[in-house]
Amino acid sequence: MDNQKNWDKILDQIKQSISSANFRTWFSQTSLEEIQKDKLIVSVPSAFIKSQLIGRYESLILASVEKVLGKSFSVEYTIDSSKLSKKPVPEIDEDIFHISQGPINPQATLLNPKYTLDSFVVGLTNNLAYAAAQAVVANPGVSYNPLFVYGPSGVGKTHLMQGIGNALLAKNPYLKLIFASSERFMVDLVDSIQTKRTGDFRQKYRSCDILLIDDIQFIAGKDSTQEEFFHTFNELHSKNAQIVLTSDRPPAEMQKLESRLLSRFQGGLMVDIQLPDFDTRMAILKAKLQEKGESLDEEILKLIAETVESNTRELEGKLIQILQISKLSGQQTDLEFVKRFLGKPMMSHAQLDQKKVLNGIIQYFNTKMSDLIGPRRQKELVLPRQIAMYLLYEECKLPMEKIGQILGGRDHTTVLHGIEKIKESASRDREVQRLLIEVKQQLSS
């Protein structure tokens, strides 16, 4: 008897134990590729269906196999994505859909399947955010609700958010999950008002189990959108639906954000993702190479990581460009080639002088030069002044006596204290780490 006839008999057994809708959804596109001594090789069209067969139906499958073939076998799954195009999409029973309150196919949520927690590169600058994401997956709606992740563009906020969504759907595909940008939320709201279908809009957003909203900062100043999101937030939070928000800044820095939304955003866990440090940049480069099946010498990776000090997106972009240009031009990807491609580092000591540092500090902290170098000792001036001391010493390589003269005639011990204070804080205080990275980035622009 051939493999397909055996599998058809096994499927007939399985069909007797589950609904026709579930059978069509999970089993209709499977096939038996091979029967080995004690193992069956079964082909499925996607990793998602594989995970569901293992997680939900493994005991049923094994029992059906043993009944048909007369002895016990283990089952191993291989993925053949071409099956998706060769066979029709499984029909989903409408009753099952409404009872589950969520899509069976995770693609309906518009999540990128590549954005998983496993593929998220963890380092010093994002480890707290990653730990928070794991806690949310373990106890959605209980641990950290809402989870508010903030940081500059290109550091992986969206990846982490979608990683949470993908992990939750892997645990329970019947969850109703919505992933949308704040712009999408606004567009949907406006459309519902224009078409007089606000009830449908509210049913969509207020009935979900998981709400992921990207770039929430854009609703600030938009009164009707804030009003609607306030009520959506309250409705979801009251029934312990998990809410995850991302932003390029913390809630307190979102101008024209209503105080009632501010308090709710701050009511869960707020955690930042900073620009990646050198070690994290190295890890990102290695992970990207492994993903693409490529390799580069360690020295080349170090050069890229040292030169590209900005966000993760630009770092990955430079790596991809180097690999592509090397292949198209036929040049060997050696250290000299990469040096020529990258040109000069983004910031060098020769480019950075005392005037640029001081101007960058007053611009970043929105203060005056007279206050920065003057005698005033107000609390809000201490940190900018100490960061100026640190950068003048570390980046411009100026002696402490010279730094003291630049900053209003301060003595050597004051400058030394300021430098040591920033060094010590930068080793443990994530906010100081973030400030240093962002000020350096501004100086290099």
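Phe 27 and Tyr 57 are both buried in this predicted model. Their rings form an aromatic pair, with centres 5.4 Å apart. The planes meet at 65°, and the pair is therefore edge-to-face. Phe 27 belongs to helix α2, residues 20-27. Tyr 57 belongs to helix α3, residues 47-69. The contact thus ties together parts that are 30 residues apart in sequence. Under the ring-centre criterion, the count of aromatic pairs comes to twelve.

A further aromatic pair joins Phe 148 and Phe 265. Here the centres lie 5.7 Å apart, with 40° between the planes. This geometry is tilted. Phe 148 sits in strand β4, residues 147-150. Phe 265 sits in helix α11, residues 259-265. The two residues are 117 positions apart, and their pairing links distant parts of the chain. Phe 148 is buried, as is Phe 265.

Phe 148 and Phe 265 also take part in a cluster linked by ring pairs. The other members are Phe 185, Phe 201, Tyr 205, Phe 229 and Phe 233. An aromatic ring also receives a charged group at Phe 230. The charged end of Arg 260 sits over that ring, 4.0 Å from its centre.

Charged side chains provide a second set of contacts. The structure holds 14 salt bridges. In one of them, Lys 204 meets Asp 188, with an N to O distance of 3.1 Å. Lys 204 lies in helix α9 and Asp 188 in helix α8. The residues are 16 apart in sequence, and the bridge links distant parts of the chain. The partners differ in exposure class. Lys 204 has 36% relative accessibility and so counts as partly exposed. Asp 188, at 14%, falls under the 20% cut-off and therefore counts as buried. The bridge belongs to a network of salt bridges that links Arg 184, Asp 188 and Lys 204.

Helix α9 also contributes Arg 202, which is linked to Glu 228 in helix α10, residues 223-238. The side chains of Glu 228 and Arg 202 form a salt bridge at 3.1 Å, N to O. This pair spans 26 residues of sequence and again connects distant parts of the chain. Glu 228 is buried, its relative accessible area being 6%. Arg 202 has a relative accessible area of 36% and is partly exposed.

Asp 248 and Arg 249 form another salt bridge. Their closest N and O atoms are 2.6 Å apart. Asp 248 counts as partly exposed, with 34% relative accessibility. Arg 249 counts as partly exposed too, at 30%.

Lys 196 was examined for its location and exposure. The residue is found in the loop between α8 (182-194) and α9 (198-206). Its relative accessible area is 78%, over the 50% cut-off, so Lys 196 is exposed. Lys 196 and Asn 240 are separated by 44 residues in sequence. In space, the distance between these two residues is 29 Å, C-alpha to C-alpha.

Conventions:
Residues are numbered from 1 along each chain as its sequence is written. This is a predicted model: local features need pLDDT of at least 70, side-chain atom pairs count only at pLDDT 80 or more; totals for chains, interfaces and linings use all residues. Side-chain values use heavy atoms; hydrogens and water are left out. Rings of Phe, Tyr and Trp (its six-membered ring) pair if their centres lie within 6.5 Å; planes under 30 degrees apart count as stacked, over 60 as edge-to-face and the rest as tilted. Helices (H or I, at least four residues) and strands (E, at least two) are DSSP runs, numbered from the N terminus. Buried means under 20% relative accessible area, exposed over 50%, partly exposed in between (1.4 Å probe, protein chains only). A charge sits over a ring if NZ of Lys or CZ of Arg is within 6 Å of the ring centre and within 35 degrees of the ring normal. A salt bridge is a side-chain nitrogen of Lys or Arg within 4 Å of a carboxyl oxygen of Asp or Glu.
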